[in-house]
Amino acid sequence: QTSNTGTLSKEAFLQKMFTYFKNGLHSSTPAKEYIAERNLDFKKIEIGYNAGQFHHGTRKDESLINQCLQYGLLMDNGLTSRMGEKAYSVFGRMSICFALRNKENNITGFYFRSIVNQDKAKHFYLKDRKGLYPAYPKANTKKLILTEAIIDAASLLQHDEITKEYSVLAAYGTNGLTEEHTGAIKELTALEEIIFFFDGDNAGREAVKKYAASLKNELPTVSISNIEPPEGEDINSLL
């Protein structure tokens with residue numbers, strides 16, 4: 001997966017970075033404390049952590065820096081460090097990280113959730129967002145649960161009794177059921193039921209109304225239902 005210039009393809013590069021982020025989670029106490037607070041278990045689902053240090057040990061590795069700049073993991077704001085070296089700002093720094101995957105199950109994007117600035121609830125997607133979380137639903141899917149957010153989908157994926165019977169797919173927020181999502185759903189020839197499980201607030205309820213109507217239009221034979229959490233709750237807060 002290496003081009004003749006010695007740089008990795010985007011998918012191979014993102015896979016390498018995600019492996020690095022997953023290892024980074026193991027050595028970060030704050031990241032492990034944050035995911036424990038959210039009742040997420042990195043032994044059951046793939047979660048990484050971006051401490052923002054990945055480009056330091058390999059300062060000499062120009063190809064790593066260049067690919068990070070190309071795909072948006074580093075940004076060149078024209079700064080220099082105290083040592084007079086070029087300084088980059090890191091995208092998604094101090095955030096847990098989830099991988100978005102394409103139809104071939106290769107990583108094509110990242111979602112970051114900041115573990116600091118809790119009051120500002122910071123979410124970041126790597127630029128040119130492509131891919132679905134946790135992946136494209138299996139071709140034989142009969143029942144599909146759609147969640148509002150990636151952490152909600154991750155919360156469901158930890159339970160074998162759910163994943164045995166249901167595929168889970170995360171929207172990217174209340175305005176985030178994209179053409180890539182609907183395209184993947186329309187390809188599921190065995191699909192019988194779509195279950196919305198969005199947040200228990202006005203934005204969540206309005207999004208369900210909007211998306212349920214458009215999916216019903218596209219898939220008239222599929223049953224569409226809705227699980228509404230108590231007011232102010234979501235899947236992860238219930239967990």
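**View 1. A salt bridge within helix 7 of the predicted model, between Glu-206 and Lys-209.** Glu-206 and Lys-209 both belong to helix 7, where three residues, or about one turn of the helix, separate them. Their side chains form a salt bridge in which the closest N and O atoms are 3.4 Å apart. Glu-206 is partly exposed at 47% relative accessibility, and Lys-209 counts as exposed, with a value of 56%. The structure holds eight salt bridges, and further examples appear in the views that follow.

**View 2. The salt bridge between Lys-186 and Glu-218.** In this pair the closest N and O atoms lie 3.0 Å apart. Lys-186 is placed in helix 6 and Glu-218 in helix 7 (residues 202-218), so the salt bridge ties together parts of the chain that are 32 residues apart in sequence. Both partners are partly exposed, Lys-186 with a relative accessibility of 40% and Glu-218 with a relative accessible area of 45%.

**View 3. The salt bridge between Glu-187 and Lys-103.** The side chains of Glu-187 and Lys-103 meet at an N to O distance of 2.8 Å. This pair links distant parts of the chain, 84 residues apart: Glu-187 sits in the loop between helix 6 (179-186) and strand 9 (193-197), while Lys-103 sits in the loop between strand 4 (95-101) and strand 5 (107-114). Glu-187 counts as partly exposed, its relative accessibility being 46%.

**View 4. The salt-bridge network of Lys-22, Glu-46 and Arg-101.** Here the view turns from pairs to a network of salt bridges, in which Lys-22, Glu-46 and Arg-101 are linked.

**View 5. Arg-38, a buried residue without a salt bridge.** Arg-38 is found in the loop between helix 2 (29-37) and strand 1 (48-50). Although Arg-38 is buried, it has no salt bridge, and the nearest side chain of opposite charge, that of Asp-234, is 5.4 Å away, whereas a salt bridge requires the nitrogen and the carboxyl oxygen to be within 4 Å. The side chain of Arg-38 is, however, joined to that of Tyr-34 by a polar contact of 2.5 Å. Leaving aside residues up to four places away in sequence, Arg-38 touches Arg-113, Ile-151, Asn-236 and Leu-239.

**View 6. The largest nonpolar core, with the surroundings of Phe-196.** This core has 47 residues, and those with the most contacts inside it are Ile-96, Phe-98, Tyr-133, Leu-146, Ile-194 and Phe-196. Two or more residues each are given to this core by helix 2, strand 4, strand 7 (143-147), helix 4 (150-157), strand 8 (167-170), helix 6, strand 9 and helix 7. Helix 4 supplies the largest share, six residues. Among the residues that Phe-196 touches, not counting those up to four places away in sequence, are Leu-146, Val-208, Tyr-211, Ala-212, Leu-215, Ile-224 and Ile-227, together with Ser-225 and Asn-226. Apart from this core lies another, of 21 residues, which includes Phe-18, Tyr-71, Tyr-88 and Leu-126.

**View 7. Cys-68 and Cys-97, two buried cysteines in a structure with zero disulfides.** The cysteine sulfur closest to that of Cys-68 belongs to Cys-97 and is 12 Å away, which is too far for a bond. From the side of Cys-97, the closest cysteine sulfur is in turn that of Cys-68. Cys-68 is buried, with a relative accessible area of 0%, and Cys-97 is likewise buried, its relative accessible area being 0%.

Definitions and conventions: Residues are numbered from 1 along each chain as its sequence is written. This is a predicted model: local features need pLDDT of at least 70, side-chain atom pairs count only at pLDDT 80 or more; totals for chains, interfaces and linings use all residues. Side-chain values use heavy atoms; hydrogens and water are left out. Helices (H or I, at least four residues) and strands (E, at least two) are DSSP runs, numbered from the N terminus. Buried means under 20% relative accessible area, exposed over 50%, partly exposed in between (1.4 Å probe, protein chains only). Lys and Arg count as positive and Asp and Glu as negative; His and the chain ends are not counted. A polar contact is a pair of N or O atoms within 3.5 Å; within protein, one must be able to donate a hydrogen and the other to accept it, and residues adjacent in sequence count only if both atoms are side-chain atoms. Contact means heavy atoms within 4.5 Å. A nonpolar core is a set of buried Ala, Val, Leu, Ile, Met, Phe, Trp, Tyr and Cys residues joined through side-chain atoms within 4.5 Å. A disulfide is a pair of cysteine sulfur atoms within 2.5 Å.
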